[in-house]
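Work through the exercises below with the sequence and the coordinates open beside you. Each task is followed by a solution that proceeds step by step.

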Amino acid sequence: GYGAPAKATVLLNYCGIGPDLLPYVVDTTPYKQGKYIPGVQIPIFHEDHIFADKPDYVLLFPWNLKKEIVGRIGERVRAWGGRFVVVIPSLEIF
């Protein structure tokens, strides 16, 4: 997962998604790194973790910032064959 805004906490808790389905999220905010998503206990790492791990899919939680995030990290993610996923307002894989 990418980003740990409050809307991610609500979505993950509502859907019952925990670390068994989503092992971690990354965030650029130092105050969130080293903490956990409340309720579901998914760890939050520094953004660099996603570049080291190279997941097949990157679930974007701040979907309202999709264009900015993909513009900033999209090239690196696509270099290893990664794709982005947004679930709100509708499912989109790109």
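A residue counts as buried when its relative accessible area is under 20%, as exposed when that area is over 50%, and as partly exposed in between. The model used throughout is a predicted one.

**Exercise 1. Determine which residues of α1 are buried, and examine T9 in detail.**

Step 1. Applying the cut-off to helix α1 gives A8, T9, L11 and L12 as buried residues.

Step 2. T9, which lies in helix α1, has a relative accessible area of 19%, and it is therefore classed as buried.

Step 3. When residues up to four places away in sequence are not counted, T9 touches I37 and P38.

Step 4. Beyond the helix, α1 is followed by G16, whose phi is positive, near 70°.

**Exercise 2. Locate G18 and decide whether it is buried or exposed.**

Step 1. G18 belongs to the loop between α1 (6-15) and β1 (25-27).

Step 2. Its relative accessible area is 9%, so G18 is buried.

Step 3. With residues up to four places away in sequence set aside, the contacts of G18 are V40 and I42.

Step 4. As a distance check, the C-alpha atoms of G18 and Y31 are separated by 21 Å, the two residues being 13 apart along the chain.

**Exercise 3. Establish how D27 stands with respect to side chains of opposite charge.**

Step 1. D27 is part of strand β1, and this residue is buried.

Step 2. A salt bridge requires a side-chain nitrogen of Lys or Arg within 4 Å of a carboxyl oxygen of Asp or Glu.

Step 3. The nearest side chain of opposite charge, that of K32, is 4.1 Å away, and D27 has no salt bridge.

Step 4. Leaving aside neighbours within four places in sequence, the residues in contact with D27 include K32, Q33, H46 and E47.

**Exercise 4. Reconstruct the sheet that contains β3, β4 and β5, and place helix α3 against it.**

Step 1. The three strands form an open sheet with mixed pairing, in the order β3-β4-β5. Its edge strands are β3 (57-59) and β5 (92-93), each of which pairs on one side only.

Step 2. β3 and β4 (residues 83-86) pair in the parallel sense over three bridges; within this pairing, Y57 has R83 as its bridge partner, while L59 has V85.

Step 3. Helix α3 (residues 66-79) packs on the sheet, where it touches β3, β4 and β5, and its direction makes about 150° with that of β4. Together, β3, α3 and β4 make a right-handed β-α-β unit.

Step 4. β4 and β5 run antiparallel and are joined by two bridges, with I93 of β5 as the bridge partner of V85. These two strands form a hairpin with five residues between them.

Step 5. P89 is found in the loop between β4 and β5, and a cis peptide bond with omega of about 5° joins I88 and P89.

**Exercise 5. Describe the backbone and the accessibility of Q41 and K54.**

Step 1. Q41, in the loop between β1 and β2 (44-46), is a residue other than glycine with a positive phi, near 60°.

Step 2. The relative accessibility of Q41 is 44%, so this residue counts as partly exposed.

Step 3. K54, in the loop between α2 (48-53) and β3, likewise has a positive phi in a residue other than glycine, near 55°.

Step 4. Its relative accessible area is 46%, and K54 is therefore partly exposed.

Note on methods:
Residues numbered from 1 in each chain as written. Predicted model: local features only at pLDDT ≥ 70, side-chain atom pairs only at ≥ 80, totals over all residues. Heavy atoms only, no water. Pairing = 2+ DSSP bridges. Helix = DSSP H or I, 4+ residues; strand = E, 2+ residues; numbered from the N terminus. Contact = heavy atoms within 4.5 Å. Axes fitted to C-alpha atoms, helices over the stretch in contact; angles between N-to-C directions. Right-handed = clockwise from strand over helix to strand, strands pointing away. Buried < 20%, exposed > 50% of the residue type's maximum accessible area, 1.4 Å probe, protein only. Lys, Arg positive; Asp, Glu negative; His and termini not counted.
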